[in-house]
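Grab your viewer and a pencil: here are a few exercises to work through. Try each task before you read its solution.

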Amino acid sequence: PIGNLALTNDEGRNWRQRMNAADAAFRDYSYDWKENQELLTGFRTMIDTYGTHVAIGYAIQQSWIADTYFDNPDPYVQDLKSGSQDIGNIISDVFRALMKKSESARYMKEGLQDQWWAGFGLLWPSYNQEAYERPSDKVVGMDGQPRMEIVATKQEPLVRRVSPWRVRFDPDGRDWNLSDHNWISVDYWQTMAQAMADRRYSDEDKARLVAFFGSSNAQWTSSTRYSTIYGGEEQDPRYVRILMREIWARPGKKIYYMPVGADFVMGDGAAIPNDWPEEYANADILPALYLARNRQSEDESGLTGFIGVPDIRLIKPQLYNIQRLDSLFTKANRHVIPKFLTRRGTLESEATRKLEDSDRFAEIVEVDDDAFAAPNVGITEKVTVKDILWPIPQADFKELHMLEGIRHNMQMIWQIIGQGPSDRGGQAEASTATESLGMQRGLQRRMNYA
């Protein structure tokens with residue numbers, strides 16, 4: 001306690017227990033997220049492991065997303081009351097402009113990217129309104145005085161992507177529309193100065209927040225950041241960042257704010273009420289859009305069945321195989337370049353270096369004279385190349401098993417993720433004219449949809 005202010009409250013203790021359970025579930029389903037991200041863009045790790053890297057995982061991901069979601073659906077609003085097509089077109093254009101300004105298409109694609117490595121993506125739609133109050137010229141109260149009315153000066157829908165690392169779900173929820181979830185929480189960063197000016201917190205909340213982050217209990221909530229590693233300990237409250245958790249609770253339709261690791265919640269008694277917005281409360285929906293496609297069946301104990309299976313987890317063995325086979329293929333190139341046998345001393349060292357460093361990457365193998373039964377050829381004599389350089393038979397590139405292995409693994413990936421030849425980002429191979437025609441028709445459908 002700080003004076004008469006305790007760093008705990010009843011709601012906080014209950015929510016701390018719920019968060020502990022949610023964090024345990026999070027650790028279970030996120031066990032390979034870092035590895036999944038490395039397979040997409042961790043090129044430094046790939047080079048350290050294989051000596052080379054192939055960004056095939058990221059390319060497959062982007063091709064699948066382009067095949068799934070080119071752009072926002074084109075809105076069309078029809079005026080059923082008057083039947084005016086002009087009014088419908090005008091309103092449709094308004095919706096197009098709003099969707100473009102909110103960048104919802106970009107956030108949708110980012111959510112689908114998260115689905116690839118985490119099993120789900122999460123979008124958080126909201127609504128912003130700037131308004132002021134003025135006396136109404138139409139509505140008068142019982143006292144004869146004009147009632148106050150709200151006049152909006154700016155209204156806009158907003159969409160933001162929530163990182164899978166920063167969201168916690170009710171561990172007992174299973175439905176992907178979140179209808180059976182009692183709560184959902186989202187982590188967010190806030191500077192101490194922003195927290196002190198935040199009208200969602202009461203004065204008591206702010207005093208408790210300062211006391212908590214001044215105690216040893218909150219030290220672990222500081223993230224590993226460049227600013228904290230190399231910049232030293234920050235003292236300016238405008239730059240001290242604290243990790244907070246926003247909790248939307250369906251029972252009671254309340255919004256709570258909780259420092260990560262604390263035993264208290266904030267929001268009650270603040271200048272801005274912590275009730276759900278009326279639209280969400282009446283519809284009984286949480287302000288989150290959950291994106292997933294690979295459902296994991298619920299197990300006997302009921303601990304699974306909500307978090308989707310990451311797409312990259314399904315094709316992980318094939319991606320590792322491609323990295324390994326490409327590395328072997330690169331190393332094997334040295335063994336299939338043109339090699340020539342010659343007597344030692346026939347060519348000057350400079351001539352040998354030029355041959356070996358040429359675009360053909362030839363390799364000259366020199367042996368001593370006594371290894372040959374044929375008479376020696378003098379350097380001053382007029383001779384042809386074939387008289388002094390004997391080609392050594394080498395395996396053809398097409399005979400290397402690595403290339404066939406890479407093709408096999410790519411075919412496996414396309415089968416697993418269900419992506420046909422016309423859905424791929426690159427130029428697919430067709431073995432027959434009929435197959436080529438089908439691929440072109442599929443590609444045309446994609447372009448028409450776009």
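**Exercise 1.** How many salt bridges does the count come to?

*Solution.* Keep in mind that this is a predicted model. The rule asks for a side-chain nitrogen of Lys or Arg within 4 Å of a carboxyl oxygen of Asp or Glu. Run that, and the count comes to 25 salt bridges.

**Exercise 2.** Take the salt bridge between Asp32 and Arg313 and work out where each partner sits and whether it is buried or partly exposed.

*Solution.* Start with the distance: the closest N and O atoms are 2.8 Å apart. Next, place the partners. Asp32 is in the loop between helix H1 (10–29) and helix H2 (33–41), while Arg313 belongs to helix H11 (residues 311–314). They are 281 residues apart, so this pair links distant parts of the chain. Now accessibility, where buried means under 20%. Asp32 has 3% relative accessibility, so it counts as buried. Arg313 has 21%, so it counts as partly exposed.

**Exercise 3.** Do the same for Lys253 with Asp284, then for Lys254 with Asp275.

*Solution.* Lys253 and Asp284 meet at 3.2 Å, N to O. Lys253 sits in the loop between E5 and E6, and Asp284 in the loop between helix H10 (278–283) and E7, 31 residues apart. Lys253 is partly exposed at 23%, and so is Asp284 at 34%.

For the other pair, the closest N and O atoms of Asp275 and Lys254 are 2.7 Å apart. Because Asp275 lies in the loop between E6 and H10 and Lys254 in strand E6, the salt bridge ties together parts 21 residues apart in sequence. Asp275 comes out partly exposed at 39%; Lys254, at 24%, is partly exposed too.

**Exercise 4.** Which residues are linked with Asp23 in a network of salt bridges?

*Solution.* Follow the links and you pick up Arg168, Asp187 and Arg245 along with Asp23.

**Exercise 5.** Sketch the open sheet of three strands and say what packs on it.

*Solution.* Write down the order first: E2-E1-E7, with antiparallel pairing. The edges are E2 (146–162) and E7 (289–291), each pairing on one side only. From one strand to the next, the twist averages 15°. Then add helix H6 (residues 104–118), which packs on the sheet and touches E1, E2 and E7. The direction of H6 makes about 40° with that of E2. Finally, zoom in on E1 (residues 121–140) and E7: three bridges join them, and Gly121 stands opposite Leu291 in E7.

Terms used:
Residues numbered from 1 in each chain as written. Predicted model: local features only at pLDDT ≥ 70, side-chain atom pairs only at ≥ 80, totals over all residues. Heavy atoms only, no water. Pairing = 2+ DSSP bridges. Helix = DSSP H or I, 4+ residues; strand = E, 2+ residues; numbered from the N terminus. Axes fitted to C-alpha atoms, helices over the stretch in contact; angles between N-to-C directions. Contact = heavy atoms within 4.5 Å. Buried < 20%, exposed > 50% of the residue type's maximum accessible area, 1.4 Å probe, protein only.
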